[in-house]
Amino acid sequence: MAIRDILSSDDVEELLTENSKQVIKMFLEYYGENSKANMRSSVYRLLYHELGKDNVSEVNFEDYLRIFPNKEKKLSTQESYRKNFFKFLYVFDYMKNPLGFETIWIKDREKRQFKKSEQLEEIKKRTKPRKTLTIEELLSIQKVIEIDSTKIDTLKMQFCWFAIFELGLDVNEVRSNITSNNFFDGKLYTNEDSYKLPKKFHYMFEMLSKRDSNYNGFATIDTIIENLGQLAKLDRKLLPSMLKLTRKAYMVTCGNCDNEYTNLSHNWLSVNNRIVCTDCAEILKKN
C-alpha cells in the first residue's frame, strides 16, 4: 500500500478499520490523559503515514525493523511511543504475522510493562492532591476556629473561614469589598445581603475601624488563610479556593425549604425523625 498524503489525526481515524481504532484505544488506556493526544497522533502517523496501513493486524517485524533499524540508538519520546505500540501489538496477539518479534522480546515479561503502566496510572489517580479538605483537616481547622481569642490576626482567620465556609461569600468579595465599613449594629452588610455576626467579630470590626483604611479589611486573605492552615498544622498549604470547594462538597439541601447549609450538626435538627435545617425545625415544632 503506498504512503498516503499527510492527513490530520481526525482524518486518519476516519480511514482506519474499526479493529484498529479499538486496539489503539486500548493501547492509549495504559497512559495518562496528559500524554494521550500526543501518543494518538504519533501512533496514527506511524501506522498510516509511515507504514501505509489502515489495519493494525497487518503490522509485522519488517515494519518494526524499518522504523527501528538501529538497536543502539537512544529513542526520543515520540519514538518510545511507537516502539511501545509495536510491543503492545505483539504481546497481546494483535498481529496476523508476529514472527521475528520473539527474537527481541519475551511476551510474558513485556506484558508486565503494560500492567505496571496501568497500575502506576491508578496510583497517580489515588494520590492526586485533593482540592477539598478531608474530615481530618476540617477537624484540625475547627479547633482553631473555636479558639477564644482577642488577637486580631486570629479573629481575621476565623472571620475569613466564617465568611467563605459558613456564609458562602466569594473569596474576591471578602478580599476586595469587606472592611469595617460593612459592619453596623451587629450585622455584616454586602451588596447582596446582610448577615448577623457572632459577637467575637463585633470586637474585631471595632478594632479594624481604628486602623488606616488601607489595613482595615482582608486584602491579604491568601496569607490569612495560609496562616490558618499552618496554625491547624495541615500537611499542605491551605488556599482560599479549598474553602470554597470544600463548602460546595459539604453542602446539604434542606428538604423542607430548599435552602443549602453546610453539614455541620448545628445547622440541622431532627423533627419526627426527619432531618431539616434549624430554622425549619423551630417553625415545625411550633406548629
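These are my notebook entries on a predicted model of one protein chain.

**Entry 1: overall form**

I began with the secondary structure. The protein chain has 13 helices and seven strands. Next I looked up the radius of gyration. I found 30 Å for the protein chain, against near 19 Å for a compact globule of 287 residues. The box around the C-alpha atoms, taken along the principal axes, is roughly 85 × 50 × 35 Å.

I then checked burial. Of the 287 residues, 41% count as buried. The accessible surface comes to about 17800 Å². Carbon and sulfur atoms hold 48% of that surface.

I also looked at how far apart in sequence the contacting residues are. Among contacts with a separation of 6 or more, 57% join residues 24 or more positions apart.

Last in this entry, charge. I noted 46 positive and 42 negative side chains. The centres of the two sets lie 4 Å apart.

**Entry 2: the three-stranded sheet**

In what order do the strands of the open sheet run? I read β1-β2-β3, with antiparallel pairing. The edges are β1 (183-184) and β3 (194-196), and each of these pairs on one side only. Strand β2 covers residues 187-189 and pairs with β3 over three bridges. I picked out one bridge here: Tyr 189 has Ser 194 in β3 as its partner.

**Entry 3: the β6-β7 hairpin**

I moved on to β6 (residues 268-271) and β7 (residues 274-277). The two strands are antiparallel and share four bridges. I looked up two of the facing residues. Trp 268 stands opposite Cys 277. Val 271 has Arg 274 as its bridge partner.

Two residues lie between the strands of this hairpin. One thing I wanted from the turn was its backbone angles. Asn 272 takes a positive phi near 50 degrees. For context, most residues other than glycine have a negative phi.

**Entry 4: two aspartates with positive phi**

I went on to other residues with positive phi. Asp 93 has a phi of about 60 degrees, and it is not a glycine. Asp 93 sits in the loop between α5 and α6. Is Asp 93 buried or exposed? Asp 93 counts as exposed because its relative accessible area is 51%, and the cut-off for exposed is over 50%.

Asp 258 is another case, with phi near 70 degrees. Its loop runs between β4 (251-253) and β5 (260-262). Asp 258 is also exposed, at 58% relative accessibility.

**Entry 5: Phe 92**

I stepped back one place from Asp 93 to Phe 92. Phe 92 is in the loop between α5 (77-91) and α6 (107-127). Why does Phe 92 count as partly exposed? Its relative accessibility is 26%, and partly exposed therefore applies, as the value falls between the 20% and 50% limits.

Which residues does Phe 92 touch, leaving aside neighbours within four places in sequence? I found Tyr 30, Lys 111 and Phe 114. I also took one C-alpha distance in this region. Phe 92 and Lys 107 are 15 residues apart along the chain, and their C-alpha atoms are separated by 8.3 Å.

**Entry 6: Lys 131**

I looked next at the loop between α6 and α7 (135-145), where Lys 131 is placed. Lys 131 is exposed, with a relative accessible area of 60%. Even so, Lys 131 has contacts beyond its neighbours within four places in sequence: Arg 236, Met 242 and Leu 245.

How far is Lys 131 from Leu 245, C-alpha to C-alpha? I read 7.1 Å, for two residues 114 places apart along the chain.

**Entry 7: Asn 227**

My last stop was helix α11 (residues 221-231), which holds Asn 227. Asn 227 is partly exposed, with a relative accessible area of 31%. I took one distance from this residue too. Asn 227 and Leu 238 are eleven residues apart in sequence, and their C-alpha atoms are 8.0 Å apart in space.

Note on methods:
Residues are numbered from 1 along each chain as its sequence is written. This is a predicted model: local features need pLDDT of at least 70, side-chain atom pairs count only at pLDDT 80 or more; totals for chains, interfaces and linings use all residues. Side-chain values use heavy atoms; hydrogens and water are left out. The radius of gyration is taken over C-alpha atoms; the globule rule is 2.2 Å times the number of residues to the power 0.38. Buried means under 20% relative accessible area, exposed over 50%, partly exposed in between (1.4 Å probe, protein chains only). Contact means heavy atoms within 4.5 Å. Accessible areas come from the Shrake-Rupley method with a 1.4 Å probe; for residues, only the protein chains shown count as cover. Lys and Arg count as positive and Asp and Glu as negative; His and the chain ends are not counted. The place of a charge is taken as NZ of Lys, CZ of Arg, CG of Asp or CD of Glu. Two strands pair if DSSP finds at least two bridges between them.
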